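User: I'm new to this structure, so please zoom in on one charged spot for me. Start there, then show me how the surrounding parts fit together.

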Amino acid sequence: MHKGAKDYIEKLGLIPHPEGGFFREVYRADETITKESLPERYNGNRAFSTSIYFLLEGGQVSALHWLKSDEVWNYYDGSSANIYIIKPDGQLEIKKIGNRLNEDESFQIVIKKNCWFGAELEDKSSFILIGCFVSPGFDFSDFEMGERSNLINLYPQHSEFIIRLTKVNP
């Protein structure tokens with residue numbers, strides 16, 4: 001494991017994330033938005049916002065997943081990463097998060113709700129540490145992991161990266 005990744009995992013108290021990599025929630029707003037005040041897609045109350053630290057190391061990927069809310073990723077340290085986003089119309093967008101602004105990387109990337117997305121490191125010998133902010137706040141009932149065969153059936157034109165960013169269906 002990369003020494004920088006190991007240090008962050010230990011110092012920040014990160015644990016394995018279901019989509020890959022490591023995470024720890026660092027903020028959950030004390031105030032909530034009631035279900036009645038939220039769009040119908042939400043099944044209960046939500047915190048105003050939440051944030052996590054998220055780390056990928058080496059060949060780890062953030063597996064393709066989908067959220068009911070927008071998510072903002074902020075770069076902190078390490079390698080840059082490609083974020084693959086399949087929009088509801090099937091269009092693929094690739095965004096780069098990192099600190100090389102002269103190479104079209106951004107410190108902050110916004111992933112809109114209802115898009116499938118995942119990420120992988122540019123430098124597989126390194127790591128990336130980012131912050132992820134969700135509003136209304138994250139709830140696992142608003143999260144869906146992508147199933148390889150279903151996504152390939154829906155978006156066969158993107159099968160190459162779908163295979164890289166999903167696990168084989170059980």
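Analyst: E93 is partly exposed, with a relative accessible area of 25%; here buried means under 20%, exposed means over 50%, and partly exposed is what falls in between, using a 1.4 Å probe and protein chains only. K87 also comes out as partly exposed, at 25% relative accessibility. The two residues form a salt bridge, with their closest N and O atoms 3.3 Å apart. That label asks for a side-chain nitrogen of Lys or Arg within 4 Å of a carboxyl oxygen of Asp or Glu.

A quick word on the ground rules: this is a predicted model, so local features need pLDDT of at least 70 and side-chain atom pairs count only at pLDDT 80 or more, while totals for chains, interfaces and linings use all residues. Residues are numbered from 1 along each chain as its sequence is written, and side-chain values use heavy atoms, leaving out hydrogens and water.

Back to the charges. Salt bridges with shared partners join K96, R100, E103, E105 and E122 into one network. Over the whole structure, the search turns up 13 salt bridges.

Where does E93 sit? The stretch 92–97 is β9, and β9 stands at an edge of a sheet, as does β13. Strands are DSSP runs of E with at least two residues, helices are runs of H or I with at least four, and both are numbered from the N terminus. This sheet is open, has 5 strands in the order β9-β8-β11-β6-β13, and is paired antiparallel; two strands pair if DSSP finds at least two bridges between them. β9 and β13 each have a single partner strand, so one side of each is left without a neighbour in the sheet. Ignoring direction, neighbouring strands here are turned by 25° against each other on average; the axes behind that angle are lines fitted to C-alpha atoms (for helices, over the stretch in contact), and angles run from 0 to 180 degrees between N-to-C directions.

The partner of β9 is worth a look too. β8 and β9 pair in the antiparallel sense over 6 bridges, and one of the matches puts I86 opposite L92 in β9.

Now for some insides. The largest nonpolar core has 23 residues; such a core is a set of buried Ala, Val, Leu, Ile, Met, Phe, Trp, Tyr and Cys residues joined through side-chain atoms within 4.5 Å. F54, W73, I83, I97, I111, I128 and I130 have the most contacts inside this core. β5, β7, β8, β10, β11 and β12 each give two or more residues to it, with β12 giving the most, 4 residues. I128 touches a long list of residues beyond four places away in sequence, including F54, L55, Y75, I97 and L121, where contact means heavy atoms within 4.5 Å. Another core, of 11 residues, lies apart from the largest one, and V61, Y84, W116 and Y155 are among its members. In soluble globular proteins, nonpolar side chains tend to be buried together.

There's a second sheet as well: 6 strands in the order β1-β2-β5-β12-β7-β10, again open and antiparallel. At its edges stand β1 and β10, each with a single partner strand, so one side of each is left without a neighbour. Inside this sheet, 8 bridges join β5 to β12, and S51 has F133 as its bridge partner in β12. β2 and β5 pair antiparallel over 6 bridges.

For a contrast with E93, try D142. Its salt bridge with R46 has closest N and O atoms 2.7 Å apart, and it links the loop between β12 and β13 with strand β4, 96 residues apart. Both D142 and R46 are buried. D142 also meets K68 in a salt bridge, at 4.0 Å from N to O. K68 lies in the loop between β6 and β7, so that pair ties together parts 74 residues apart in sequence. K68 is buried, just as D142 is, whereas E93 is partly exposed.
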